[in-house]
Amino acid sequence: MRWVAIEKHQIKDVELQLITVEGKKICLVKYNSEYFATAAKCPHAGADISQGWCENGFLVCPFHRYKYNLETGRGIIGQGDYIEIYPIKESKDQLLIGVKENWWKRIFGS
Ligand code: FES
């Protein structure tokens, strides 16, 4: 796991936004003053989930309104799917997002 720092002044103060971390598209969520980081691509049919909204602790996809738990990534009962959740730490000026390291990058570089 590698922690990637994002300066808070570089992100918008909105509920959902699409950011790129280590070349990976991530949906950054600010919900009830707490940050979450999820995969940006909806597993149902590939929509950009950062165009959706939050509701009762769930991230709602704008295409077909599938819902994913912000903390676990699990879809609601009956969906049978999930989105990846990235660990996130917050400090005064930064967000740290945990991304898996690619073993080939460690060995061969980018
Ligand atoms: S593409 Fe997200 S619910 Fe269908």
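Which residue does the side chain of Gln79 join in a polar contact of 3.0 Å? Have a look at the structure while I talk. The answer is Asp81: the side chains of Gln79 and Asp81 are joined by that polar contact. Before I go on, please keep in mind that this is a predicted model.

Okay, let's stay with Gln79 for a moment. You'll find Gln79 in the loop between β7, residues 67–69, and β8, residues 85–86. Is Gln79 buried or exposed? Its relative accessibility is 17%, and the cut-off for buried is under 20%, so Gln79 counts as buried. And who does Gln79 touch? If we skip residues up to four places away in sequence, Gln79 touches Tyr66, Lys67 and Tyr68.

Now let's move on to the sheets. One open sheet has 4 strands, and if you read across it the order is β2-β3-β4-β8, with antiparallel pairing. At the edges you have β2, residues 16–21, and β8, each pairing on one side only.

Let's walk through the pairs here. Strand β3, residues 24–31, runs antiparallel to β4, and 6 bridges join the two. If you want one bridge to find on your screen, go to Tyr31, whose partner in β4 is Glu34. Then β4, which covers residues 34–39, is joined to β8 by 2 bridges, and those two strands run antiparallel as well. For that pair, look for Thr38, which has Ile85 in β8 as its bridge partner. How many residues of β4 are buried? It's 5 of its 6, so to speak a mostly covered strand.

What sits between β3 and β4? They form a hairpin with 2 residues between the strands. One residue to click on in that loop between β3 and β4 is Asn32. Asn32 has a positive phi, near 50 degrees, and this is a residue other than glycine. Is Asn32 buried or exposed? Its relative accessible area is 65%, and exposed means over 50%, so Asn32 is exposed.

There's another residue to put beside that one, and it's Arg65. Arg65 isn't a glycine either, yet its phi is positive, at about 60 degrees. You'll see Arg65 in the loop between β6, residues 58–60, and β7. With a relative accessible area of 55%, Arg65 is exposed.

Right, next sheet. This open sheet has 3 strands in the order β1-β10-β9, and the pairing is antiparallel. Its edge strands are β1, residues 2–7, and β9, residues 88–90, and each of these pairs on one side only. Going from one strand to the next, the twist averages 25 degrees. Strand β10, residues 94–99, pairs with β1 in the antiparallel sense over 6 bridges. To see where they line up, find Ile6, which stands opposite Leu95 in β10.

Last stop: rings. How many aromatic pairs does a search of the whole structure find? It finds 0. There is still a ring to look at, though, and it belongs to Trp3. Lys89 lies over the face of Trp3, at 4.1 Å from the ring centre.

So, if you want a short tour for later, start with Gln79 and its polar contact to Asp81. Then go to the hairpin of β3 and β4 with Asn32, and finish with Lys89 over the face of Trp3. Thanks, everyone!

Terms used: Residues numbered from 1 in each chain as written. Predicted model: local features only at pLDDT ≥ 70, side-chain atom pairs only at ≥ 80, totals over all residues. Heavy atoms only, no water. Buried < 20%, exposed > 50% of the residue type's maximum accessible area, 1.4 Å probe, protein only. Polar contact = N/O pair within 3.5 Å; in protein donor to acceptor, adjacent residues only side chain to side chain. Contact = heavy atoms within 4.5 Å. Pairing = 2+ DSSP bridges. Axes fitted to C-alpha atoms, helices over the stretch in contact; angles between N-to-C directions. Phe/Tyr/Trp six-rings, centres within 6.5 Å; stacked < 30°, edge-to-face > 60°. Lys NZ or Arg CZ within 6 Å of the ring centre and 35° of its normal.
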